[in-house]
Amino acid sequence: MYLQDDDVKHCLEIAREMVDVYQRYALMGKASMRSVDDMEWCFREYLGKTVVVRDLQLEAGDSDIRGLFLALADGSYEIYLLGDMGDRERRFVKCKELFHVLLDDETKSRNMDIFGHVQEAATCFFKAESNPTSPVVWEALAEIAAMEFLLPFADRKAIISSSGGNPDYEAVSARYGIPQLFVEEYLSPHYMAEFENLV
Amino acid sequence: MAMVNDMNAKDRLQALEAQLRERGVVDVKFFFNRSNKALSGVMADVANALDAVVSGRFDNAKPLGDSVRAV
C-alpha cells in the first residue's frame, strides 16, 4: 500500500506526542513495555477524550476482525475488542484502535460506506502496489502509530544493531508485549528502510 | 453464487450501517487480521462483529492488566 510521506510523518508525530504525555504522567513511563491501560487513562485524564472500551461477546477465533473503532457525532468514541485474544494481541489491537481517536480527522479519515471500506481494505491492505483512499490509509497509519508507541523506531534500530542484525523476535515480543508477527514485520529490512527517512 | 453471496453481504452490511448511523456513528474502522481469507469471509466477519455491537452483545472491557499506575 502506498502511503504519503506527509501522512506517515503526521501519524508518527501524533505517536510521539502520546509518548510525551505518557512519560509525563504514567508511572514507569520509560519502561520498555508501555501500558495500554495507562494510555487509555491518559486519554481520559489529560487529553480530554471520551472513549469507552468494550469486550464483544464474540470470540476472535479465526475472524478477520479483531477490534472495531466507532466515532460518534457527539465527539465521543467507542472501541470494541473481540474475545479470546492473547494478551499481546489484545494490547496491540486496543492500542491501534485508541490511535484512531488521536488520528480522527473529519475531512480525511472518516467513512461510513462500510461495504466499500471493507472491500477496499481487504483488497489493498497487504498489497505493496495498492493506492487506496484515505480512510483505508488511516487504518495503516493507526497501526504504524501504535507500533511507534509500543516499540519505537529508535528501539527497533538499537535492537537490530545490538543483535548483529539477527534479533530474537520472541524475546522482543515478550519484552515489549507485542505479537511476534508485528515485531518481525516492523524489524524487517524493508520496513526499517521505509521508516529510516521518515522518523 | 459468489455474486449472490456478495449481494447478501452488502445488504447485511448496509442494514447494520443504517443502524449505526441512527446511533450517531460517523466513522467505523476495523483491526484486520493478517490472513488470506476470501473477501466474502471478511465481509461475514465484519457483519458478525457489527451485529454484536448493534445488538448490545458486549460488556465493559476487562483491563489488560498492564497498568503500573497506583490505583
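**Exercise 1.** Check the span of helix H2 (residues 39-54) of chain B against its number of residues.

Solution. The expected span is 1.5 Å times one less than the number of residues. H2(B) has 16 residues, so 22 Å should result. Its end C-alpha atoms are 22 Å apart, which agrees.

This is a predicted model: local features need pLDDT of at least 70, side-chain atom pairs count only at pLDDT 80 or more, and totals for chains, interfaces and linings use all residues. Residues are numbered from 1 along each chain as its sequence is written, chains are lettered from A, and side-chain values use heavy atoms, without hydrogens and water.

**Exercise 2.** Which residues of H2(B) are buried (under 20% relative accessible area, 1.4 Å probe, protein chains only)?

Solution. Buried residues include B:Val42, B:Met43, B:Val46 and B:Leu50. B:Asp45 is also buried. Just after the helix, B:Gly56 takes a positive phi of about 75°.

**Exercise 3.** Describe the packing of helix H1 (residues 5-25) of chain A with helix H3 (residues 87-103) of chain A.

Solution. First, geometry: the angle is about 105° and the axes are 11 Å apart. The two helices are therefore roughly perpendicular (65 to 115 degrees). Next, contact (heavy atoms within 4.5 Å): A:His10, A:Cys11, A:Ile14, A:Ala15 and A:Met18 of H1(A) meet A:Phe99, A:Leu102 and A:Leu103 of H3(A).

**Exercise 4.** Do the same for H1(A) and helix H2 (residues 36-46) of chain A.

Solution. The angle is about 90°, with axes 10 Å apart. That makes H1(A) roughly perpendicular to H2(A). On H1(A), A:Met18, A:Val21, A:Tyr22 and A:Tyr25 make the contact. Their partners on H2(A) include A:Trp41, A:Phe43 and A:Tyr46.

How values were computed. Helices (H or I, at least four residues) and strands (E, at least two) are DSSP runs, numbered from the N terminus. Buried means under 20% relative accessible area, exposed over 50%, partly exposed in between (1.4 Å probe, protein chains only). Axes are lines fitted to C-alpha atoms, for helices over the stretch in contact, and angles run from 0 to 180 degrees between N-to-C directions. Angles under 35 degrees count as roughly parallel, over 145 as roughly antiparallel, 65 to 115 as roughly perpendicular and the rest as oblique.
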